[in-house]
Amino acid sequence: MGSLHNSVSDTALVFEGGGMRGSHTAGVVRVLLDAGIHLPFVAGISAGSSHTCNYLSRDAWRAHHSFTEFAADPKFGDWRTFVRGQGMFNSRYIYEETSEPGQALPLDWGTFCANPAEMRIGAFHAESGEMVYWSRKDTPELRDLVVRVRASSTMPIIMPPTVVDGETYVDGALGPSGGIALDAAEEAGYERFFVVLTRERDYVKSPERAPGLYRRYFRRYPAVAEAIINRWQRYNETRERLFELEKAGRAVLFVPEDMPVGNGERNVAKLEAAYQLGLAQAQRELPAWQEFLGV
């Protein structure tokens, strides 16, 4: 494949996670790709790491299918896989056994590699409590990428931790940004941001009601327990900073007007409805995005 080109040079794209709320985000991915909006830096955490890959491989079909029809795959996971230690979401299958040609969610590796945009995928190191952002240099092969997307997306308790190069990781949402990779974009030197959120504008995350439960469950990984307990504060702080950047004219935010599904939704009809809502809202907001981005 020949080289691809960015259509924007000065703005970072950030995808928030949120499990199956990514069905709504998939509509945004489609509108960006259909409009030829190709940003030079893309970062994502958890479900946002999947959309980072979908966007960089320029695959609106995969963005849509991953968060809608794929939920009906019999290997997707349920209480039986949970009991077997594979997770309520069967993460090894979802992320590591679906991306090759001929599998359920083939990733266009050629386009992904030809895309000149920088990438960051974030995960939380379970032992040290440090946030790790992986870039293209960490993913020379498809298998290196998909295991890191799995690590970024490993929701505590409902999925087993993911081991990458001998180190144990869980969901990047536990990091200092609360799950929105604004810090990765700023660290890369960007001062303008396009951020795709998965919660409504008036949403405020509440403190955890049972901190003792997490401390007991994660006795082996106390940093994970403390990160879960404190995440609400970090998440709310990052969102407040985003709203300030928006007011200052340095960020355009896609904020769902309505989010009809939760992070664990499996009903394909509901997921498709969420996708259509995200698609329609993104199409309405496209002119404002184009103005902000100068395209």
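A salt bridge is a side-chain nitrogen of Lys or Arg within 4 Å of a carboxyl oxygen of Asp or Glu. Keep that cut-off in mind as we walk through this predicted model, beginning with the charged pairs and moving on to the strands, a helix, a surface patch and the cysteines.

The structure holds 11 salt bridges. Side chains of opposite charge can pair when their charged atoms come close. A good place to start is R215 and E226, whose closest N and O atoms are 2.7 Å apart. Because R215 belongs to helix α9 and E226 to helix α10, this pair ties together parts that are 11 residues apart in sequence. Both partners can be reached to some degree from outside: R215 is partly exposed at 40% relative accessible area, and E226 is also partly exposed, at 31%.

Stay with helix α10 for another pair. R201 forms a salt bridge with E246, and here the closest N and O atoms are 2.9 Å apart. This one links distant parts of the chain, since R201 sits in the loop between β7 (193-196) and α9 (211-217), while E246 is in helix α10 (residues 222-247), 45 residues away. R201 is partly exposed, with a relative accessible area of 42%, and E246 is partly exposed too, at 25%.

What separates the closest N and O atoms of E118 and R120? In this salt bridge the distance is 3.3 Å. The two partners fall into separate accessibility classes: E118 is partly exposed, with a relative accessible area of 33%, whereas R120 counts as buried at 19%. The value for R120 meets the criterion because buried means under 20% relative accessible area.

E118 also marks the start of strand β3 (residues 118-125), which brings us to the strands. Strand β3 pairs with β6 in the antiparallel sense over three bridges, and within this pairing H125 stands opposite Y169 of β6. Strand β6 has a second partner in β5 (residues 162-164), again antiparallel and again over three bridges. There, V163 is the residue that stands opposite T168 in β6. The hairpin of β5 and β6 has two residues between the strands, and D165 takes a positive phi near 50° in it.

How much of strand β6 is buried? Four of the five residues in this strand (residues 167-171) are buried, so β6 is largely enclosed by the rest of the structure. As a general point for looking at such strands, in a regular strand the side chains alternate between the two faces of the sheet.

Now look at T162, which lies in strand β5. T162 counts as buried, with a relative accessibility of 1%. Its side chain makes a polar contact with the side chain of R150, at 3.3 Å. R150 is worth following further, as R92, E96 and R150 are linked in a network of salt bridges. So R150 appears both in that network and in the contact with T162, a reading that rests on the salt-bridge definition and on the side-chain distance given above.

R150 is also one of the buried residues of helix α7. That helix (residues 142-152) is mostly covered, with 10 of its 11 residues buried. Among them are the nonpolar-looking run to try selecting in your viewer, including L145, V146 and V147, together with charged residues such as D144 and R148.

For a contrast, turn to the surface. W79, F82 and V83 form a nonpolar patch there, with about 360 Å² of accessible area together. W79 is placed in helix α4 (residues 79-83), and at 58% relative accessibility it counts as exposed.

Finally, the cysteines. The structure holds zero disulfides. C53 is in no disulfide, and its nearest cysteine sulfur, that of C113, is 11 Å away. Why do C53 and C113 not count as a disulfide? A disulfide is a pair of cysteine sulfur atoms within 2.5 Å, and the sulfur of C113 is 11 Å from that of C53. The surroundings of the two can be set side by side: C53 counts as buried, at 2% relative accessibility, while C113 is partly exposed, with a relative accessible area of 42%.

Notes
Residues numbered from 1 in each chain as written. Predicted model: local features only at pLDDT ≥ 70, side-chain atom pairs only at ≥ 80, totals over all residues. Heavy atoms only, no water. Buried < 20%, exposed > 50% of the residue type's maximum accessible area, 1.4 Å probe, protein only. Pairing = 2+ DSSP bridges. Patch = residues over 30% accessible without salt bridge, like charges linked within 9 Å, V, L, I, M, F, W, Y side chains within 5 Å. Areas by Shrake-Rupley, 256 points an atom, 1.4 Å probe, with all protein chains shown as cover. Polar contact = N/O pair within 3.5 Å; in protein donor to acceptor, adjacent residues only side chain to side chain.
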